[in-house]
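Q: I would like to learn how to read the contacts in a structure, step by step. Could we look at one together?

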Protein chains: 2
Amino acid sequence: MGSLHNGHMALINTSREENQTLAATIFVNPTQFNDDDDFTRYPRDIKTDLSLLEEAGVDIAFTPTLEEMYPPGITTFVDVGQLGDILEGKYRPGHFKGVATIVTKIISISRPTRVYFGQKDAQQCAVVKKINRDLHLGTEIVIVPTIRDSDGLALSSRNLYLSSDDKKAATTLYRSLCLSRTLWDHGENNTEKIKNKMAELIHTEPLASIDYISIANTETLEEVNSITGPSLVSLAVWIGETRLIDNITLCPIIET
Amino acid sequence: MGSLHNGHMALINTSREENQTLAATIFVNPTQFNDDDDFTRYPRDIKTDLSLLEEAGVDIAFTPTLEEMYPPGITTFVDVGQLGDILEGKYRPGHFKGVATIVTKIISISRPTRVYFGQKDAQQCAVVKKINRDLHLGTEIVIVPTIRDSDGLALSSRNLYLSSDDKKAATTLYRSLCLSRTLWDHGENNTEKIKNKMAELIHTEPLASIDYISIANTETLEEVNSITGPSLVSLAVWIGETRLIDNITLCPIIET
């Protein structure tokens, strides 16, 4: 969706190592915004974006207009079912229908060998993997690790909304994720207990307000009671007027 | 869906004139049946089908298994909205969601230059055109005219269900469509009047029971009050235990 940061650049750099030709899409997709104001104020800077892509050696920049992606009379959408209704989907109704539809369109148009998505949007990654598999789109979905600033804050175009006080407060997301890892490293397996400790930590930050904290199966994103397989710890937290998400994965070593 | 007849052969013959390589898919798609019994009893004869395809010079026969097209855990579907909910969609809830989903999958897998569908399933043609456009599937949809037997009965795999009495009764569908053309040729423009006359004719056949008679815009399939542009006259009629559909198009000559 443009407003490029080093998280996007990591996608491009990973892609460059694995492919001969690189294409990047910049399109602020209205159907994945559940709030019109959020869509209107979403940061856009196409001129800077295009020079960043050029510098990074991207061969093709695909920057369609709204009318090209959604011509008049368009009504078809792609729905992934349950996976799109939980977590982010619960707080942002219709969001993943918008994501699934635009990604299906862009993959249909470009027919890429591989597509790169950032781990920061973990549920989006799961949704995109699912449509690729379920609709036989025939591409390979590559997930690139989250890029963080020195305080641990996950890079996001929405970070542009944060004041310097907000930015300090926003580190609480990653700190709480690290806490979950520490607790787990020390033998805590009960996800309810881990989530409570994370919430306690976040509640010490007056600017923060929690939408959800989840510990779930990394594929189905269904909540788990104890960490027995690869688990996604994810959360959505408002920092003042800005909603941020972040996640880490806990992978138990299976002894054989 | 196999159980090939001369309607399918017309698709193949049309395709042969316009393409170098021909592929045919045979797959009885469970998700487009709204009735389990209908799915179970749907005629299947893969052996005969494959020899017919070979005789016709088809290069590739794609005959996936249920598990290949719908692996466990599949939940994604394609929905065309309103266009899939009217006419056939009203009487067969979920039917066009099943059609749109399987066609998206097959086009994604095969990436054809052109795809051929029969005019007999007019709403299916409209739905397939819509997903191709809305999801940017990048193929060309070619509609091939309906093939009829000497009595005017549109060829359909379901005709195998008809007894010889049923077959005679089934000619009432095409006769009523021809009546609509005759009335229109004689200056009748009022679609309510035309539909009433068609219903009258069908009611003279004791084995026939009408699901719907429609006169609609050929693209949107929305009902029209008078025939001022290209209009689809379509109907669904039960003949005994068998549900049949048929249609014709009325195209006014626009004087300029």
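Q: How many residues does each chain give to the contact between chain A and chain B?
A: Two residues are in contact if their C-beta atoms, placed from the backbone, lie within 7 Å, and by that rule the contact takes 21 residues from chain A and 21 residues from chain B. This is a predicted model, in which local features need pLDDT of at least 70 and side-chain atom pairs count only at pLDDT 80 or more, while totals for chains, interfaces and linings use all residues. Residues are numbered from 1 along each chain as its sequence is written, with chains lettered from A and ligands numbered from 1 in the order in which they are written.

Q: Which element gives the most to the side of chain A that touches chain B?
A: Helices (H or I, at least four residues) and strands (E, at least two) are DSSP runs, numbered from the N terminus. H6(A) gives the most to that side, with four residues.

Q: How do S3(A) and the strand S3 of chain B run, parallel or antiparallel?
A: Two strands pair if DSSP finds at least two bridges between them; here three bridges join S3(A) to S3(B), residues 77–79, and the strands run antiparallel. Within S3(B), B:Phe77 is the bridge partner of A:Asp79.

Q: At what angle do H8(B) and H9(B) pack?
A: Two packed helices are described by the angle between their axes and the distance between the axes. Axes are lines fitted to C-alpha atoms, for helices over the stretch in contact, and angles run from 0 to 180 degrees between N-to-C directions. Helix H8 (residues 164–185) and helix H9 (residues 191–203) of chain B pack at about 145°, with their axes 9 Å apart.
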